[in-house]
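The following exercises concern helix packing, buried residues and backbone geometry. Each task is followed by a worked solution.

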Amino acid sequence: MYLKKSGFVNTLIVNWKLDFYSLVRLAIPLGIAQLISIGIMTSDIWAMGRLGSFDLAAGGLAIRYYQPFYFFALGMLVVISSLTSQALGAGDMTSVRRVFRQGMTVSIAFGLILALPIISGIWLLPALGQDEILVNHAAPFLVISAFTLPLMFLFLVMRFFSAAYGKPYVQLVGAIIALCCNLFGNELLAFGFLGAPELGLVGIALSTAMCFFIGTLSMALIIGFRAPFNQIQPFRRLWVMDWQITKKILKVGTPNGVMVMSETGMFAVASIMMGVFGTAALAATAIATQLAGICFMIPLSIAQASAIQIGRAAGSQDTKKVARLSIISLGFGIAVTSVMTLLIYLFHLPLIDIFLKQDDPLLQAVTNFAIPFLLITALFQMVDGTQAIAASILRGINDTAIPALIGFICFWGGGLFTGYLLAFKAGLGPNGIWFGLACGLTLASIIFTTRCFQFLSKMKASKKVVLG
């Protein structure tokens with residue numbers, strides 16, 4: 001009897017270790033790829049800062065304006081990982097190919113559709129109280145960025161599809177190639193390297209378009225010609241529509257896109273609110289939000305890995321594995337974000353200096369705004385990571401509609417409205433906006449985590465995974 005019990009305990013421990021190691025093995029390369037991918041945008045912000053605080057404020061405003069649309073598509077398309085994982089877990093290779101094919105179709109269509117509201121920012125931003133001179137300076141950057149969206153979204157499809165196979169090297173290769181192209185392109189087109197014309201912000205936008213085209217092409221070649229991807233003939237009959245798969249991507253993905261857009265929209269609207277406090281506050285916001293975005297890539301990689309692993313376990317109806325992976329993901333995320341909180345607190349000044357020229361006339365003013373922004377950013381690392389991972393666990397079982405509504409209420413009600421009250425009614429100024437963001441993320445973290453444990457409890461009682 002003792003030997004039986006001992007054997008059961010050992011098996012249990014082994015299973016937890018194996019699931020933890022499998023999650024970490026997938027999350028680490030995904031995290032590296034995520035950091036390199038956001039490095040593309042970070043290199044743009046860095047280049048803007050080298051052009052000057054005015055360019056940084058204008059370009060940062062443009063990026064914050066179009067980011068919610070980009071992240072809506074990211075949230076919608078990331079379900080390709082979950083749907084592909086579920087099909088792989090069920091051994092349905094036909095559905096695997098069709099998810100990929102329809103994912104590409106949806107990405108191009110939404111890229112063209114979302115280009116229109118981004119271009120309209122040229123007229124909308126001044127109506128929202130933004131400095132017209134800044135907006136006019138950013139206008140060409142916005143237009144070029146709008147028509148780059150289809151390339152950006154195809155890039156995402158390649159990333160999410162290859163990750164579902166547990167082959168993160170594909171997006172790692174694509175991200176490295178794209179980043180290198182962008183770094184070279186920024187020097188060439190923005191600063192006139194090798195005798196090229198100095199195009200400033202326009203050059204940065206053109207460089208970004210070029211880097212996404214080359215990065216997407218590199219991943220497409222790997223997927224088309226290398227195993228295990230080529231075994232399903234991923235690019236066969238591209239013109240054939242599968243409306244059932246398309247409907248599923250939209251049904252599961254659109255609410256998730258709304259939720260991700262709600263969070264990034266919270267930061268975007270916060271940037272617009274910050275424009276009331278002047279160019280220095282806006283430039284500091286561009287720095288703080290970019291650094292927050294870089295830090296977010298770490299828990300996001302854990303979230304993406306957990307959604308893939310949970311999706312595959314859910315597809316094969318392995319309820320115990322789903323439960324183990326959910327708890328491991330949340331615990332691992334809390335541990336990692338705790339370290340990040342400490343690092344931001346200790347090194348906030350050197351991090352700010354990376355983005356600013358030492359002879360910039362607004363150097364001290366921007367730094368004074370950025371310091372408290374980053375310290376508040378350090379405070380919300382844990383809750384931001386936890387809400388992202390909890391949402392990914394729910395996405396792994398196709399539960400996206402209710403979380404989207406919860407996210408909107410938390411981010412726009414608990415976050416933006418609280419920030420507005422603290423900044424403009426309680427007299428905390430720009431810092432109040434950032435405290436509001438922290439409130440929204442904290443509220444979302446509590447509710448999403450509670451919903452995750454409710455799902456695990458129901459799954460344990462019914463002994464099956466019910467996919468949304």
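**Exercise 1. The loop**

In which loop is Gln-233 found? Determine also its backbone phi and its exposure.

Solution. Gln-233 is found in the loop between α8 and α9; helices here are DSSP runs (H or I, at least four residues; strands are E, at least two), numbered from the N terminus. The model is a predicted one, in which local features need pLDDT of at least 70 and side-chain atom pairs count only at pLDDT 80 or more, while totals for chains, interfaces and linings use all residues. Residues are numbered from 1 along each chain as its sequence is written, and side-chain values use heavy atoms, with hydrogens and water left out.

Next, consider the backbone. Most residues other than glycine have a negative phi, and most peptide bonds are trans. Gln-233 is not a glycine, yet its phi is positive, about 50 degrees. The relative accessibility of Gln-233 is 45%, so it counts as partly exposed (buried means under 20% relative accessible area, exposed over 50%, partly exposed in between, with a 1.4 Å probe and protein chains only).

The loop between α8 (201-225) and α9 (243-274) also holds Pro-228. The peptide bond from Ala-227 to Pro-228 is cis, with omega near 0 degrees.

**Exercise 2. Helix α11 against helix α13**

Describe the packing of α11 and α13 by angle, axis distance, handedness and contact residues.

Solution. Two packed helices are described by the angle between their axes and the distance between the axes. Axes are lines fitted to C-alpha atoms, for helices over the stretch in contact, and angles run from 0 to 180 degrees between N-to-C directions.

Step one: α11 (residues 319-353) and α13 (residues 381-396) pack at about 155 degrees, with axes 8 Å apart. The two helices α11 and α13 are therefore roughly antiparallel (under 35 degrees counts as roughly parallel, over 145 as roughly antiparallel, 65 to 115 as roughly perpendicular and the rest as oblique).

Step two: α11 passes α13 in a right-handed crossing (left-handed if the near helix is turned anticlockwise from the far one by less than a right angle, right-handed if clockwise).

Step three: the contact (heavy atoms within 4.5 Å) involves residues of α11 including Ser-326, Leu-330, Gly-333 and Ile-344, and residues of α13 including Gln-381, Gly-385 and Ile-389. The residues of this contact of α11 with α13 divide into eight nonpolar, nine polar and no charged (Ala, Val, Leu, Ile, Met, Phe, Trp, Tyr, Cys and Pro count as nonpolar, Asp, Glu, Lys and Arg as charged, and the others, Gly among them, as polar).

**Exercise 3. Two residues of these helices**

Are Ile-344 and Gln-387 buried or exposed? State what each one touches.

Solution. Ile-344 lies in α11 and, at 4% relative accessibility, counts as buried. Leaving out residues up to four places away in sequence, Ile-344 touches Cys-295, Leu-374, Thr-377, Ala-378 and Gln-381. Ile-344 and Leu-374 are 30 residues apart in sequence, with their C-alpha atoms 7.2 Å apart in space.

Gln-387 belongs to α13 and counts as buried at 3% relative accessibility. Beyond its neighbours within four places in sequence, Gln-387 is in contact with Glu-263, Phe-296, Phe-411, Leu-441, Ala-444, Ser-445 and Phe-448.

**Exercise 4. Helix α15**

Compare the span of α15 with its expected value, and describe the packing of α15 with α11.

Solution. Helix α15 (residues 430-462) has 33 residues and reaches 49 Å from first to last C-alpha, close to the expected 48 Å (1.5 Å times one less than the number of residues). Lys-463 follows α15 and has a positive phi, near 60 degrees.

α11 and α15 pack at about 160 degrees, their axes 10 Å apart, and are therefore roughly antiparallel. Their crossing is left-handed. Among the contact residues are Val-322, Ser-326 and Leu-330 of α11, and Phe-453, Leu-456 and Met-459 of α15. The contact of α11 with α15 comprises eight nonpolar, three polar and no charged residues.

**Exercise 5. Helix α9 against helix α14**

How are α9 and α14 oriented to each other?

Solution. α9 and α14 (residues 401-425) pack at about 10 degrees, with axes 7 Å apart. That makes α9 roughly parallel to α14. Glu-263 and Gly-265 of α9 and Phe-411 and Gly-415 of α14 are among the contact residues. The residues of the contact of α9 with α14 divide into 16 nonpolar, five polar and one charged.
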